[in-house]
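Here is a set of short questions and answers on one model. Look at the structure first, then read on.

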Amino acid sequence: MNIEGLITASVRLGTPLLFATLGEIITERAGVLNLGLEGLMLVGALSGFATSYMTGNVWLAFIVALIAGGLFALIHAFMSITLRVNQVVSGLALTMLGSGISGVLGKAFVGKPAAKFNDIYIPGLSNIPVLGAFFKMDAIVYLGYILVPVLYIIIFKTKLGLTLRAVGEEPSAADSRGINVFLVRYIAKGCGGALTAAGGAYLSLAATSMWIENMSAGRGWIAVALVIFSAWEPFKALVGSYLFGFVMSLQLRLQAMGVAHVSANILLMLPYLITVLTMILFSFNKNFRNRVGAPSALSVPYSREEKM
Amino acid sequence: MKKFLVTILIISSVIMGFSILKVGFLYIGPVGDFGWTYAHDLGRKYLEDHVPGVITTYIENVPESIESYRYIEDLVKKDYKIIFATSFGFMDATEQAAKKYPDVYFFHCSGYKYNNTNFTAYFGRIYQPSFLAGIIAGMMTKSNIIGYVAPVPIPEVIRITNAFALGVKLVNPEAKVHVVWTHSWFDPAQEKEAAKSLMDVGADVIAQQTDSAAPVQTAEENGVYSIGYNSDMAVFGPSYYLGAPIWNWGAYYVKVVKEIMAGTYKAGFYWGGMDEDIVKISMTNNVPDKVKAVVGAFEKLIKEGKFDPFTGPIYNQKGELMVKEGERMSDEELLSMDWFVDNIVGSIPKASH
């Protein structure tokens, strides 16, 4: 088997999941549950592709996708933070809205190719045998490599991260310390939405350069599962995303070689299975919930009048 | 305003001497899927452009259940006289509506239920151009490994994949067709990786039955020949795209609507082939003339009914004789095909639908 090919395929399939998962980790760290990832990814994929198609500038396209995702996530922020509607329901609404809007606006772009991010071989690193494959990728993949440690440091080692986590764990305590809970949650939602949309943009600007309706093909839901799988931690998100990409590309390769692929289908179930098990343990055991690091105030809208 | 325009349109058409006929389409997917639904929608637009007096509409993303009945009934109540339900799962709902509304013509695509008054089952023999696509692939390959990106394991997909492999075998008995399933009709990122994995085992021609043009685009990036599916994908592969088996629903839609207008239409079961132009092979200039000539010769034989891709001897992957020398498979056998022919490498996943 071509191991370098397997590595690059795993990273390419893992990268959209990585961005979406990182985005949702930021959002959930602030205590807001967003099930609208699929919608956000589609908004990112279309806005990015449309910009690339019209301007030919992939970086501009990527930035437009980030902004579009950030703004789109603010719709959910307004519903869940200000209006305090049920976050599960409003998240589902965001998915439907994103899928619908991108479908309608995207009709003009179906069946048209555009510019895309090309692979950049990093001098030196890409010459390493086998592992050099990690450095024969496109710019967005490298951005993902950098983003993971940066986010880890921000979340766990800075005052900013402490503020974010405080808002997600004990919003009333954070509030009494003078932190503006609503503002922090809005900012987290905007940044998280932008990153999730970047995951979608990867599909239409780097993995392929085309737009078809619903091209995220369920990746938003996999990312929701990966957030729990990763215990709200960027490095584990990287492991989970790439692992998922690895299993997907391994089973494709086994098929291409003519090896039966039943076992691979079982492997593909694993992230979901782990997520279901984690969620079951969550609902039974509060200690477990705290131990794996779920934000205590996750999915609970904050209100100053209803302090516990 | 809209009402006003419609009124004007109706009045002017009465003055001009023809009546308005409203034709409705039910789609399973979005028209932007670039695949199955996209091809039907091209047919709808073709119908509107080629038959004066016809107004069309469509409903996309209709669920494949008895719930689709609501959508059909809604069209009937809005005075649509001809309804095309373009997915297998709409069959029972369409049948029910055909019973309730005998003065409306119903057409259901890819199913097996019909009557002889107002309910037609229709489909195209796209396995014929897929066989021709196999001839192209078999003549173009140098490594004798041809990659095939397949969506979901249902008899229709298996039949078309087999036809492709038989085309390959006819011109190149040494070549093997490696099949990779994506378990999805469209997922560009995964289709790309499926194509890549096939190139990694040495495939130098990539064919597909999935909806998106990602395999074509990936082949182009890697300097490998590609064969598309459903509709023309040439813009995604200027240098290496060879062609595709494509749907041409417009030809059929125009034919039946004109017959209904003339009062000569007869409902029933219709499975049209290349002779009726409902399916076609498209070829680009990346295909050498020598190959085009062979394809053209077989295209002619198929159209004249002198040759059928599923003529024996045909063996399965275990080497068992499935169709005897000189025999042709019946439509029933074709519609329930659940085995691969002997030059395919890969297996059919079980218990999935």
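Q: In which loop does Pro313(B) lie?
A: This is a predicted model, in which local features need pLDDT of at least 70, side-chain atom pairs count only at pLDDT 80 or more, and totals for chains, interfaces and linings use all residues. Residues are numbered from 1 along each chain as its sequence is written, while chains are lettered from A and ligands numbered from 1 in the order in which they are written. Helices (H or I, at least four residues) and strands (E, at least two) are DSSP runs, numbered from the N terminus. Pro313(B) lies in the loop between helix H10 (289–303) and strand E13 (314–315) of chain B.

Q: What is the omega of the peptide bond from Gly312(B) to Pro313(B)?
A: The bond leads into Pro313(B), in the loop between H10 and E13 of chain B. The peptide bond is cis, with omega near 5°.

Q: Which element gives the most to the side of chain A that touches chain B?
A: Two residues are in contact if their C-beta atoms, placed from the backbone, lie within 7 Å. The contact takes 32 residues from chain A and 32 residues from chain B. Helices H1 (3–29), H4 (87–106), H8 (181–207) and H10 (234–256) of chain A each give two or more residues to the chain A side. The most, 6 residues, comes from H10(A).

Q: Which helix gives the largest share of the side of domain 1 of chain B that touches domain 2 of chain B?
A: An automatic or database domain assignment sets the bounds: chain B has domain 1 (2–124) and domain 2 (127–247 + 279–345). Their C-alpha centres lie 31 Å apart. In the contact, 8 residues of domain 1 of chain B meet 9 residues of domain 2 of chain B. The largest share of the domain 1 side, 4 residues, comes from helix H2 (residues 36–50) of chain B.

Q: Why is one side of each edge strand left without a neighbour in the open sheet of chain B?
A: Two strands pair if DSSP finds at least two bridges between them. The sheet has 6 strands in the order E2-E1-E3-E4-E5-E11, with parallel pairing. Each edge strand has a single partner strand, so one side stays free of a sheet neighbour; these strands are E2 (54–59) and E11 (269–272) of chain B.

Q: Which residue does Lys22(B) stand opposite in E2(B)?
A: Strand E1 (residues 21–26) of chain B pairs with E2(B) in the parallel sense over 6 bridges. In E2(B), the residue opposite Lys22(B) is Ile55(B).

Q: At about what angle does helix H3 of chain B run to E1(B)?
A: Axes are lines fitted to C-alpha atoms, for helices over the stretch in contact, and angles run from 0 to 180 degrees between N-to-C directions. H3 (residues 68–77) lies across E1, E2 and strand E3 (82–85) of chain B. The angle to E1(B) is about 170°.

Q: Is Asp79(B) buried or exposed?
A: Asp79(B) is found in the loop between H3 and E3 of chain B. Its phi is positive, about 80°, although Asp79(B) is not a glycine. A residue is buried if 20 or more other C-beta atoms lie within 10 Å of its own, exposed if 12 or fewer, and partly exposed in between, with C-beta atoms placed from the backbone. Asp79(B) has 12 C-beta neighbours inside 10 Å, so this residue counts as exposed.
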